[in-house]
Amino acid sequence: MTMGIYTGAIALESLFQVSQVFHVDKATALWIMVWGVGGLGAIYAIFGGIKAIAVADTINGVGLIVGGLMVTIFALLYVGDGNAWKGLIDVYQTHPDKFNSIGSEDSLVPFSTLFTGLIVSNMFFWCTNQSIVQKSLSAKNLAEGQKGVMLCALFKLIIPSIIILPGVIAFHIFSGQIDNPDNAYPALVQLVLPNVLVGFFAAVVVGAVFSTFSGGLNSSVTLFTVNIYKPRINPNATEAQAVAVGKYLGIGLSLATMIIAPLVANAPDGLFYLIQQLQGIFNAPILSVVLVGLMTKRVPPIAAKLGLLFGMSAYIIGNFILDINLHFFHLVGILFVLNILFMLTIGYFFPAESYQEVYTGQVDITPWSVVKPMGWLITLAVLSMYIFLAHNVPAYVMALYYVFVAGILGYVFYRMGKEIVNRHGIRKIS
């Protein structure tokens, strides 16, 4: 929530020069924007509830995609003097290394981390983060939830076009002119978009901040009231009492968030790096607990509690106290594996009492018929991005890739054809 408010504040300051309007320094303007945006977002979340958040997320999502693509197109037009294709070629030829999906050895986030902590961080966020999972679990049945997840994954495929490419263009235009990388994107928007579209984009940014902040706030309050307040503190609490406690907690979290948010500006390596580094404290422990809980019934609850404490403590000590000479993503990956082994060891010596899962029938859990083919197609698209943007790919890797593509496409067409036959009753022709 802190990062979301901070991002919105620096965007509004860059787009509308708030510091000049109010005749204050940039630090003061940042505080004004944080408390303005955060205050409105808190009111929105505390009194609007999850339904208001879901509706607004849909609207803001469309606005972000449209606005993000507009920024990319207008930026390419700016570089290419009215020709977007020429602009793309100019940027690519000037900075070919920035388009290399493998990166370099001195990259802030090395490519090797994709196979250690980076995949752990992403699995944690998309598969266990309450603000994401809560929306998936609100689907009316399993099939609809899977459709939503796959649609989200498809939208993620255009992220390079609306986030990474504008970043490279901003580097091309402002190289050496911007001290804080967090200011690059707002500066690009201010430069390339017509004034009327700057207003539209600012509205989208504020809406996105509201969505991030209010979604996180609602999820935090839900976790506390459902899992702590009602079962542990006040088991006899009425629904009205639980809602009231949630609102007070929401106000407290909002105030704490708005106090902390401006301090993010002191991050030396930029906002994204700070977010990932801080999330390392809890993402591997939480994901490891969820995976062990899904994969085995032998591990007792105490192992999960000790696993959380062990994982968080080990990361804090290793990354912030001992300052181990190892990229924090690699540390996350190592601790993720150690945490799983730690819990499995406890389960081996102190096995849990057996229990039986019961399907309550409250929700239809029939899966979407083409969820697996869709998953494979999206995986294929992701691999294609990495391979075709990588520099100096060996010929045998390309050959293996084409064999993989052929196999995936054959599987997808087979599954979809089988689904058509089953659905419409078409007889097989021998």
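1. Ile-387. In this predicted model, Ile-387 sits in helix 16. That helix runs over residues 371–389. Ile-387 is buried, with a relative accessibility of 16%. The buried class ends at 20%, so the label holds for Ile-387 at 16%. Beyond its sequence neighbours up to four places away, Ile-387 touches Val-393, Met-398 and Tyr-401. A distant part of the chain also comes into view here. Asn-100 is 287 residues away in sequence, yet the C-alpha atoms of Ile-387 and Asn-100 are 9.6 Å apart. Asn-100 is not among the listed contacts of Ile-387.

2. Phe-350. This residue belongs to the loop between helix 15 (328–349) and helix 16 (371–389). Is Phe-350 buried or exposed? Phe-350 is exposed, at 58% relative accessible area. Outside the four-place sequence window, Phe-350 is in contact with Arg-298 and Pro-300. Ala-303 lies 47 residues from Phe-350 along the chain, and 9.1 Å separates their C-alpha atoms.

3. Ser-288. Helix 13, residues 283–295, contains Ser-288. The residue is buried, with a relative accessible area of 0%. Which residues does Ser-288 contact once neighbours within four places in sequence are left aside? They are Phe-336, Asn-339, Ile-340 and Met-343. Helix 15 covers residues 328–349, so each of these four partners of Ser-288 falls within the range of helix 15, by the numbering used for helices.

4. Pro-166. Here a proline is placed in a helix: Pro-166 is part of helix 8, residues 159–174. Pro-166 is also buried, at 0% relative accessibility. Its contacts, with residues up to four places away not counted, are Thr-72, Pro-160, Ser-161, Tyr-185 and Leu-188. Thr-72 deserves a separate look. Pro-166 and Thr-72 are 94 residues apart in sequence, but 5.6 Å apart from C-alpha to C-alpha. Helix 3 spans residues 26–79, and Thr-72 is one of the residues that Pro-166 touches.

5. His-23. The backbone has a positive phi at His-23, about 55°, and the residue is not a glycine. Where does His-23 lie? His-23 is in the loop between helix 2 (18–21) and helix 3 (26–79). The residue is exposed, with a relative accessible area of 72%.

6. Asp-81. A positive phi turns up at Asp-81 as well. The value is about 55°, and Asp-81 is not a glycine. Asp-81 lies in the loop between helix 3 and helix 4 (84–94). The relative accessible area of Asp-81 is 69%, which places the residue in the exposed class. Helix 3 is thus preceded by the loop that holds His-23 and followed by the loop that holds Asp-81.

7. Cysteines. How many disulfides does a search of the whole structure find? The search finds 0. Cys-127 shows why: the closest cysteine sulfur, in Cys-152, is 10 Å from its own, too far for a bond. The cut-off for a disulfide is 2.5 Å between sulfur atoms. Seen from the other side, Cys-152 is in no disulfide, and its nearest cysteine sulfur is that of Cys-127, 10 Å away. Cys-152 is partly exposed, at 31% relative accessibility.

8. Overall fold. The protein chain has 17 helices and 0 strands. Its radius of gyration is 24 Å, close to the 22 Å from the globule rule for 430 residues, so the chain is as compact as a globular protein of that length. Along the principal axes, the C-alpha trace spans about 65 × 65 × 50 Å. Among contacts with a separation of 6 or more, 76% join residues 24 or more positions apart. The contact between Pro-166 and Thr-72 is one example, with the two positions 94 residues apart in sequence.

9. Surface and charge. Buried residues account for 37% of the 430 residues. Ser-288, Pro-166 and Ile-387 are among them. The chain exposes about 24600 Å², of which carbon and sulfur atoms supply 68%. There are 20 positive and 18 negative side chains. The centres of these two sets are 18 Å apart.

Note on methods. Residues numbered from 1 in each chain as written. Predicted model: local features only at pLDDT ≥ 70, side-chain atom pairs only at ≥ 80, totals over all residues. Heavy atoms only, no water. Helix = DSSP H or I, 4+ residues; strand = E, 2+ residues; numbered from the N terminus. Buried < 20%, exposed > 50% of the residue type's maximum accessible area, 1.4 Å probe, protein only. Rg over C-alpha atoms; globule rule 2.2 N^0.38 Å. Contact = heavy atoms within 4.5 Å. Areas by Shrake-Rupley, 256 points an atom, 1.4 Å probe, with all protein chains shown as cover. Lys, Arg positive; Asp, Glu negative; His and termini not counted. Charge placed at Lys NZ, Arg CZ, Asp CG, Glu CD.
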